[in-house]
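Trainee: Could you take one part of this model and walk me through it closely? I'd like to hear what sits where and what touches what.

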Amino acid sequence: MAASPFTQPRSVVKKLLSQEQREGDGALVRRSIGRPELKQLDPFLLLDEFSVSPPAGFPDHPHRGFETVTYMLEGAFTHQDFAGHKGTIKAGDLQWMTAGRGIVHCEMPASKGKQHGLQLWVNLAAKDKMIDPNYQELEDKDIPKIHKDGVSVSVIAGESMGIKSPVYTRTPTMYLDFKLEPGAVLHQAIPDDWNAFVYVLEGESSFGSPNGPVIGANHTIQLGMGDGVSIWNKSQGLCRFVLIGGQPLNEPVFQYGPFVMNTKEQVMDAIQDYQSGRNGFERAAGWQSDPVTLE
């Protein structure tokens, strides 16, 4: 098996099995980043693998100070916000939402049966926390993909195997969806000053070295520092995982639910702004999302 080509290969420093928990209105998630054992991994605040069937979902709720990245794996979700933005993302589609100074929105199933996907929360630097909200949305067909030597990748953000995502990441981020066929080996460069982790969706592989730990589905793998990671699929089945990395902000974080700022005082201001309908939340008062018609 090919040795790692990196000067300082990244190894596994922490492994966590993500347990199911309830969030929103009856929604079931497996939380990776954001659990007590791995509260944050700068600049990441949360990663949830969600599995939601109607009428469960995530009804009207606010955000300030960070970005939500929703990547659908199966089914469809409809998003509505208080500024009139509305749309549906389906399997393979991406929504990169910059909440900035304030968003109130809902995220609800748009079809019958199970809706399955991932939602990542990416922190914003202090200088960006009060910017205007923004959306980047890509359909599956517009997300760059490549297959080579038993490795497939969808490049949601950043670069892999010579292809780049068109998504602009205000906080520098890579987000890669890999599938490794049996016997395949992946060598993925990562900037050596970035934090990075893997979340395994399906199957199992060896991470860090050919004889490294074999880690399976629903596990979060925090990687140590280095210039890249190598992964070997020595199993008889397909392995699918997301590799996510980002440049640390190295700033204080104070979080209260959907508000993520740098100090307690700023979070209290955010709560008061939301309750009073000001400083970005002017359209919050009296707003309600429309019922979603299931396809």
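Mentor: What follows starts at a single residue and works outward from there.

Keep in mind that this is a predicted model, where local features need pLDDT of at least 70 and side-chain atom pairs count only at pLDDT 80 or more, while totals for chains, interfaces and linings use all residues. Numbering runs from 1 along each chain as its sequence is written, and side-chain values use heavy atoms, with hydrogens and water left out.

Let's begin at Asn262. You'll find Asn262 in the loop between β26 (259-261) and α1 (264-276); those labels are DSSP runs numbered from the N terminus, with helices (H or I) of at least four residues and strands (E) of at least two. Asn262 counts as buried because its relative accessibility is 12%; the cut-off for buried is under 20% relative accessible area, exposed is over 50%, and partly exposed is in between (1.4 Å probe, protein chains only).

Who keeps Asn262 company? Leaving out neighbours within four places in sequence, Asn262 is in contact (heavy atoms within 4.5 Å) with Ala126, Lys129, Glu251, Pro252, Val253 and Phe254. Pro252 deserves a second look: the Asn262 side chain reaches the backbone oxygen of Pro252 at 2.8 Å. His219 is another story, since 43 residues along the chain separate His219 from Asn262, and their C-alpha atoms are 29 Å apart.

Now hop over to Lys129, one of the residues that Asn262 touches. Lys129 belongs to the loop between β11 and β12 (134-138). Lys129 counts as buried too, because its relative accessibility is 1%. Skipping residues up to four places away in sequence, Lys129 touches Val260, Met261 and Asn262, and also Arg64, Gly65, Gly100, Arg101, Asn123 and Leu124. With Asn123 there's a polar contact, side chain to side chain, at 2.7 Å. (A polar contact is a pair of N or O atoms within 3.5 Å; within protein, one must be able to donate a hydrogen and the other to accept it, and residues adjacent in sequence count only if both atoms are side-chain atoms.) As for Ile89, 40 residues along the chain from Lys129, the two C-alpha atoms are 25 Å apart.

Let's zoom out a little. An unreviewed UniProt entry lists residues 175-280 as "domain: Pirin C-terminal"; such annotations may be inferred rather than shown by experiment. That span is 12% helix and 47% strand, and its end C-alpha atoms lie 29 Å apart.

For a stop in a strand, try Ser230, which lies in β23 (residues 228-232). Ser230 is buried because its relative accessible area is 1%. Its side chain makes a polar contact with the side chain of His187 at 2.7 Å. Setting aside neighbours within four places in sequence, the contacts of Ser230 include Ser4, Pro5 and Phe6, along with Ser206, Phe207, Gly208 and Ser209.

Last, two backbone oddities. Most residues other than glycine have a negative phi. Asn218, in the loop between β21 (214-216) and β22 (219-223), has a positive phi near 70 degrees. Asn279, in the segment after α1, also has a positive phi, near 50 degrees. Asn218 counts as buried because its relative accessible area is 17%, whereas Asn279 is partly exposed at 36%.
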